[in-house]
Amino acid sequence: MSKVAIVGGGPAGIMAAIFASQNGAEVTLFEKNEKLGKKIYITGKGRCNVTNDCDPKEFLSNVVTNASFLYSASYKWTSRDTMDLLEQNGLKLKVERGNRVFPESDKASDVTKTLEKLLHRNGVKICLNSEILRVECLENSVKLYTITDIVVFDKVIIATGGLSYPTTGSTGDGFRFAKSIGHNVVDAKAALCEIPLHQDVSSLEGLSLKNVVLSAKNNKTGKELCSFFGEMLFTKNGISGPIALSTSSVINKYPLDQVALYLDLKPGLKNEHGQQPNLDERLLKDFKEFTNKEFKNSLVKLFPDRLCQYVAAQSKIPLDKQVNRVS
């Protein structure tokens, strides 16, 4: 029986351990944190967006870079296979807008529990608080160095994640291991992450927006780089949420001073030519209704309250000016 080590107890490492054990290997899973799947607990705002209920073709069409690399894997193991695996092992799922799949309980911890159950059922040995410091490849075996020990396996699967979230354990160990055994490693770029802004949006921190469009343009050429419709969230220093994360994976290829972001708060008010005469009509209607109010209070039907103040300030119209005096 082949002895296989899995380094990293996140979703990839857990799945690797499950299938290696089902294929007859004696599997040991090493995780440097105190529990498995630490990143799972924070995905989908703690609900865990398990997958998207779509076919491989649709999935690949949304991969930003080098989709062909994932072609075989996507058809070998589909989103439906992931859903079936979890549901057949007792986890009830639901599909929400945008084909996003969540546990019915809205608890990310239920996803981790289901995967842990599969690990135990397949006899995987789990070693928590077990950081691997070095990987050494020999002719017919692999040595793993821990703080206190050296362990030998026939094969090793590195599933340590990238550099995305150090507090969950993603500290770049995999890049270091890869370099040490002779692989070429390119410099990592942030993707699927918060976008920091030069503009001060700290007053909007925590404000969530739905049904908006975030676009990015090359401000030297004017070319649109991407445009995404959906949900977005303001943070202390920038923006996050689904459409911001998608945008980050496109704009990371360009110098920051070449990228300008555009937020369309009311895309539904555009006409078929992409212009917004309907927005003018909507503003005139609201101005008529709130004709005796101060300008800062005239946008309450158009935007969330906290955004009204911000947008009004951007307009340079005095906030205390009466609406009936706005030209």
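In what order do the three strands of the open sheet lie, and is their pairing parallel or antiparallel? In this predicted model, the order is E3-E5-E4, and the strands pair in antiparallel fashion.

## The three-stranded sheet

Strand E3 (51-52) and strand E4 form the edges of this sheet, each pairing on one side only. E4 and E5 run antiparallel and are joined by four bridges. One position in this pairing is Leu93, which stands opposite Pro103 in E5. Helix H4 (residues 79-87) packs on the sheet and touches E3, E4 and E5. The direction of H4 makes about 145° with that of E4.

## Overall make-up

The protein has nine helices and 15 strands. Its C-alpha atoms fill a box of roughly 80 × 40 × 35 Å along the principal axes. Of the 327 residues, 37% are buried. The protein exposes about 19,100 Å², and carbon and sulfur atoms supply 52% of that area. Counting contacts between residues at least 6 apart in sequence, 59% join residues at least 24 apart.

## Strands E12, E13 and E14

Strand E12 (208-218) and strand E13 (residues 224-234) run antiparallel, with eight bridges between them. Within this pairing, Val212 has Gly230 of E13 as its bridge partner. The hairpin of E12 and E13 has five residues between the strands, and there Gly222 takes a positive phi near 80°.

E13 also pairs with strand E14 (residues 238-240), again antiparallel, through two bridges. The hairpin that joins E13 to E14 has three residues. Phe234 has Ile239 in E14 as its bridge partner.

In a regular strand, side chains alternate between the two faces of the sheet.

## Nonpolar cores

Which residues have the most contacts inside the largest nonpolar core? They are Leu209, Met232, Phe234, Ile239 and Leu307, in a core of 30 residues. The elements that give two or more residues to this core are E12, E13, helix H7 (242-251) and H9. Apart from this core lies another, of 24 residues, which includes Ile14, Ala17, Ala25 and Val124.

Phe234 shows how parts of the chain meet around one of these core residues. Leaving out residues up to four places away in sequence, Phe234 touches Val201, Leu204, Glu205, Gly206, Leu207, Leu209, Ile239, Leu263 and Leu307. Among these contacts, Leu209, Ile239 and Leu307 are also named with Phe234 as residues with the most contacts inside the core.

## Salt bridges

A search of the whole structure finds 16 salt bridges. Three of them are listed here.

| Acidic residue | Basic residue | N to O distance |
|---|---|---|
| Asp106 | Lys94 | 2.9 Å |
| Glu231 | Arg97 | 2.6 Å |
| Glu289 | Lys301 | 3.0 Å |

What does the salt bridge between Asp106 and Lys94 tie together? Asp106 lies in the loop between strand E5 (100-103) and helix H5 (108-121), while Lys94 lies in strand E4 (residues 93-96), so the pair ties together parts that are 12 residues apart in sequence. Both partners are partly exposed, Asp106 with a relative accessible area of 29% and Lys94 at 24%.

The salt bridge between Glu231 and Arg97 reaches across the sequence. Glu231 is in strand E13 and Arg97 in the loop between E4 and E5, so this pair ties together parts that are 134 residues apart in sequence. Is Glu231 buried or exposed? Glu231 counts as buried, because its relative accessibility is 14% and the cut-off for burial is under 20%. Its partner Arg97, at 47%, counts as partly exposed.

In the third pair, Glu289 lies in helix H8 (residues 277-289) and Lys301 in the loop between H8 and helix H9 (305-314), so the salt bridge ties together parts that are 12 residues apart in sequence. Glu289 is partly exposed, with a relative accessible area of 43%, and Lys301 is also partly exposed, at 46%.

Salt bridges that share partners also join Arg47, Lys94, Glu96 and Asp106 into one network.

Notes: Residues numbered from 1 in each chain as written. Predicted model: local features only at pLDDT ≥ 70, side-chain atom pairs only at ≥ 80, totals over all residues. Heavy atoms only, no water. Salt bridge = Lys/Arg side-chain N within 4 Å of Asp/Glu carboxyl O. Buried < 20%, exposed > 50% of the residue type's maximum accessible area, 1.4 Å probe, protein only. Core = buried A, V, L, I, M, F, W, Y, C linked by side-chain atoms within 4.5 Å. Contact = heavy atoms within 4.5 Å. Pairing = 2+ DSSP bridges. Axes fitted to C-alpha atoms, helices over the stretch in contact; angles between N-to-C directions. Areas by Shrake-Rupley, 256 points an atom, 1.4 Å probe, with all protein chains shown as cover.
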